[in-house]
Amino acid sequence: MENKKVYKDLFVDFDDTLYDTHGNAVIALSETYEDYKLERYFDEPKVFYDAYWEANIDLWSRYSKGEITRDYLIVERFRRPLSEGRGLDVSEQLCLEMSDKFLEHCSCKPGVVEGAHELMEYLHQKGYRMHMTSNGFHEVQYKKLAACGLREYFDTIVLSEDAGANKPSKAFFDYAFAKTGAKPESTLMIGDNMATDIQGAMSVEIDTLLFNRWQYDIKSGDPEAPTYLVSKLLDIKQIL
């Protein structure tokens with residue numbers, strides 16, 4: 001039987017890997033829609049929600065590549081869906097206010113991905129050093145950590161705003177190594193995003209584990225395939 005590789009440090013993505021960011025945001029977006037009584041401007045909420053998610057996916061992808069700023073993302077992800085409404089004056093101030101309200105709702109939600117607490121307790125008991133590696137906004141991430149009860153498991157919090165660079169850039173991972181003291185040869189990156197988590201980690205030559213929540217089509221033998229692939233968080237216990 002082949003011996004397992006020994007890892008000491010785990011770089012663990014937070015949003016949509018452990019914390020159910022998408023599920024919590026769906027609830028928060030509905031609450032924000034109601035707060036601002038947007039039914040006055042939309043025939044049905046789905047028009048607003050669909051436009052929000054389309055904008056959000058595009059903007060976060062561009063943000064991770066360093067193509068846009070945080071401030072632009074915050075305004076634009078609400079400007080686009082609000083512009084689908086009728087008779088609404090879509091000002092920057094309105095977008096900023098709505099963003100603050102949305103993030104307030106988001107950051108207090110405790111929802112995690114199925115198996116997250118059990119997995120983190122297992123990895124903690126196994127003695128791994130665990131480091132949260134995230135592109136999320138500083139003040140929001142700490143509130144989310146407190147809300148979901150996962151803060152105690154992390155030895156280090158590595159955020160892009162502190163690093164001055166986003167995943168998947170080499171600068172982000174260089175900062176993560178410097179802050180955590182981890183070594184590439186004994187580090188494993190765990191995440192749900194092929195571009196920011198997996199390809200980013202591969203570019204600095206560390207092993208990768210993809211939690212394939214979004215059902216990427218991973219071909220056998222693909223040079224960009226992750227080192228390990230799981231469809232459920234708790235399947236990670238069979239690897240580590």
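Which residues do ring pairs link into a cluster? Let's work through that and a few more exercises on this predicted model.

**Ground rules.** Residues are numbered from 1 along each chain as its sequence is written. The model is predicted, with local features needing pLDDT of at least 70 and side-chain atom pairs pLDDT 80 or more, while totals for chains, interfaces and linings use all residues, and side-chain values use heavy atoms, without hydrogens and water.

**Exercise 1. Find the ring cluster and classify the pair of Phe 11 and Phe 177.**

Step 1: Rings of Phe, Tyr and Trp (its six-membered ring) pair if their centres lie within 6.5 Å; planes under 30 degrees apart are stacked, over 60 edge-to-face, and the rest tilted. The count by this rule is 16 aromatic pairs.

Step 2: Phe 11 and Phe 177 lie 5.4 Å apart, centre to centre, with 45 degrees between their planes, so the pair is tilted.

Step 3: Phe 11 belongs to strand 1 (residues 9-12) and Phe 177 to helix 8 (residues 170-180), 166 residues apart. Helices (H or I, at least four residues) and strands (E, at least two) are DSSP runs, numbered from the N terminus.

Step 4: The cluster asked about at the start consists of Tyr 33, Phe 42, Phe 48 and Tyr 49.

**Exercise 2. Decide whether Phe 11 and Phe 177 are buried or exposed.**

Step 1: Buried means under 20% relative accessible area, exposed over 50%, and partly exposed in between (1.4 Å probe, protein chains only).

Step 2: Phe 11 has 0% relative accessibility, so Phe 11 is buried. Phe 177 has 12%, so Phe 177 is buried as well.

Step 3: On strand 1, Asp 9 and Phe 11 point one way, Leu 10 and Val 12 the other, and all are buried.

**Exercise 3. Place strand 1 in its sheet.**

Step 1: Strands pair if DSSP finds at least two bridges between them. Strand 1 runs parallel to strand 2 (residues 129-134), joined by 4 bridges, and Leu 10 has Met 130 as its bridge partner.

Step 2: Strand 4 (residues 187-191) also pairs with strand 1 in the parallel sense, over 4 bridges; here Val 12 stands opposite Ile 190.

Step 3: The open sheet has 6 strands in the order 3-2-1-4-5-6, with parallel pairing. Strand 3 (156-159) and strand 6 (228-230) are at the edges with a single partner strand each, so one side of each lacks a neighbour in the sheet.
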